Each structure stands twice: as C-alpha cells, then as structure tokens.
Amino acid sequence: MKAFLFLALAGALAAQTSDPSQSPAKKGGGHQIPESAGDDVRGYNDTPQLPGQPWKVHDMRRPRAVKVTPGQYVMETPPSDAIVLFDGKDLSHWEQLVRGGQAQTPKWKVENGYMAIVPHTGRMVTKEKFGDCQLHVEWMIPEGVTGQGQGRGNSGVELMMRYEVQVLESHTNLTYADGAAGAIYGVWPPLVNPARPQGQWNVYDIIFEAPKFDGDKVVKPAYMTVLFNGVLVQNHQAEIGTTIWRQVAHYTPHPAEEPLSLQDHNQEVRYRNIWIRKLKSPE
C-alpha cells in the first residue's frame, strides 16, 4: 500500500512540476503561446498575478537580480551528523522516477566524482524522506552547453519533491527573474545573482522548514533560506505551494516528511557532494 501511495503521489506531482517539457502550454505542445505574450527569455505578460506581490508569474517587467562576484570556492566535508546522499561513488541513496511516477534503478551517470543527468530518464528521488532540514548541494553546467532562457542547464533542487530552488546557467544566460538560478521558482527571484560560469561548481546551502497542515488547511507555510555560492539569495522566504510553470502555486496537504528530488529537464547538469541534516525543533 505504501508503494502504491508513493507512486500515485509521484504521478500527481509530475503533472504539477515546473518542467515546461511536460506542460501542455509549452510552445509546440497543446497550444501555442502568442509571441506577444512573451517567452522564457523575456518573461511573460499573460500569466496570473502572484498573491501579495505587484508581479505576475514569470513577469517580463520584473527586474532581474543584480550580478555579484562570489568568493572563491572551498570544498567542505560534511558535518559528522549529516546523511551523505551522494559522495561521488554510487547512487545507493537514490531511485529514479519516470513519467507517471514509476520507480526504476537510476540511469544517471556517475563519473569523476559527480552524477550527470541522462536526459529523458526521469528525476532522481531519495529513498529516505525529510522534513525540516539543512541541505548542501553542488552543481555545474558543463562548458559548451548551449541554449537560451530556460533551455540552458535547466534542473532544480526540489524539497519534498515539491518546493523548487531553480538550477540554471545564470552567469550570462537571461531568463525571467523568478526562473533564474537561486530563485524559488515562479515566486521569488534571488536577491542577487552570484552564479559562476559554465564549467565551474556552484553551491547551494538551503535551510528548509516544512509546511504544517491541519486537515486541508495550511497552518504554517514552508520557508526557505538559501545561500548561493556563500551569498544569501533567499532570506527565510515563504513558499506559496507546489512549484508549477506559468501558474500560481498552491498547497496540497502531504506528510511531514517526503523525499528530496533533482529534476531531469532533459539538459546537461552535474551534481556532487550532496548531504543533508534533519533539523529538530528547539522545543
């Protein structure tokens, strides 16, 4: 029964993700987005209003984050109480979900101390579940990767398989403000843009507070604090629901702990040195 519920949940989430390749509204998909409405480089003007903000989802008028130069990269070892999810050697902590939520043995490549997306194979999902946590993830867009907008090095770190911190080549590549690297996708752009160039490792350190529900009611939203290459880009920022493309996110009740996932956006992205710490309430 647990396996059935997990697969059913994963299938439902697959339909709600921010992956434009799975959205019926993608150009070339179910219908065409008029050129006058925008694109994923300029942003859009036909999307719904974000609650409590003057901006629409992926608003083409929204200012992009100012670029800053991060400090020098330093390789850090995990703390003693961390769960090492990927140490550069194997994918024993992971399984892979294909469309529809079916689990399979991971097909992403492991080489030279990193895991690399194999396009069209599905997102990576941890076997263990997490709620409140501290997460460390390192990622790279390889040199030579081409494309523009959401089409250059697109992936995502998804807390509880729902709440996404965007991964994208954002050193020189332009896209809408709330879709850049370090964004809480579709809601909050990063405060600044400290992205490193292609071929260099970027680092996310994420403090995540899981939402709390009373039946169908959200009594406490999810919160994220994100350090991007050592620079604060999200300061205890509230999530508004499950990440989704060109729509306003909303919450669906779920358990207190769920897996972590890494998106397969059918593009080349590498990950390494992934560890996580479960956080306990001060009381």
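Valine 157 stands opposite leucine 262 in strand β17, and this pairing is a good place to enter the structure, which is a predicted model. Another facing pair involving β17 is formed by glutamate 158 and serine 261. The strands concerned, β10 and β17, are joined by two bridges and run antiparallel. Strand β17 also pairs with β8 (residues 123–130), again in the antiparallel sense, through four bridges. Here lysine 129 is found opposite proline 259 of β17.

These pairings belong to a wider arrangement. Six strands make up an open sheet with antiparallel pairing, in the order β5-β4-β8-β17-β10-β11. Because β5 (103–104) and β11 each have a single partner strand, they form the edges, and one side of each is left without a neighbour in the sheet. Strand β17, which spans residues 258–262, has five of its five residues buried, so the rest of the structure largely encloses this strand.

Before turning to the side chains, it helps to know how confident the prediction is. Mean pLDDT for the chain is 90, with 89% of the residues at 70 or more. Residues 1–30 form a stretch where pLDDT stays under 50, and for this stretch the model has 61 contacts beyond four places in sequence. Predicted coordinates should not be read in detail where pLDDT is low.

The aromatic side chains come next. The structure contains ten aromatic pairs. One of them is tilted and brings together tyrosine 44 and tyrosine 176, whose rings lie 6.1 Å apart, centre to centre, with 50° between the planes. This pair links distant parts of the chain, since tyrosine 44 belongs to strand β2 (residues 43–44) and tyrosine 176 to the loop between β11 and β12 (202–209), 132 residues apart. Both tyrosine 44 and tyrosine 176 are buried. Tyrosine 176 also pairs with tyrosine 185: their ring centres are 6.3 Å apart and their planes meet at 65°, so this pair counts as edge-to-face. Tyrosine 185 is buried, as is tyrosine 176. Elsewhere among the aromatic residues, ring pairs connect Tyr163, Phe208, Phe213 and Tyr251 into a cluster.

Arginine 246 adds a charged group to this picture. It lies over the face of tyrosine 44, 4.7 Å from the ring centre. The charged end of arginine 246 also sits over the ring of tryptophan 245, at 5.7 Å from the centre of that ring. Tyrosine 44 therefore has tyrosine 176 as a ring partner, in a tilted pair 6.1 Å centre to centre, as well as arginine 246 over its face.Two loop residues complete the survey. Asparagine 112, in the loop between β6 (109–111) and β7 (114–116), has a phi near 55°, a positive value in a residue other than glycine. Methionine 161 also has a positive phi, near 60°, and is likewise a residue other than glycine. The loop that holds methionine 161 runs between β10 (155–159) and β11 (163–167). Which of these surroundings is buried and which is exposed? Asparagine 112 is exposed, with a relative accessible area of 71%, whereas methionine 161 is buried, with a relative accessible area of 2%.

Terms used:
Residues are numbered from 1 along each chain as its sequence is written. This is a predicted model: local features need pLDDT of at least 70, side-chain atom pairs count only at pLDDT 80 or more; totals for chains, interfaces and linings use all residues. Side-chain values use heavy atoms; hydrogens and water are left out. Buried means under 20% relative accessible area, exposed over 50%, partly exposed in between (1.4 Å probe, protein chains only). Two strands pair if DSSP finds at least two bridges between them. pLDDT is the predictor's confidence in each residue, from 0 to 100. Contact means heavy atoms within 4.5 Å. Rings of Phe, Tyr and Trp (its six-membered ring) pair if their centres lie within 6.5 Å; planes under 30 degrees apart count as stacked, over 60 as edge-to-face and the rest as tilted. A charge sits over a ring if NZ of Lys or CZ of Arg is within 6 Å of the ring centre and within 35 degrees of the ring normal.
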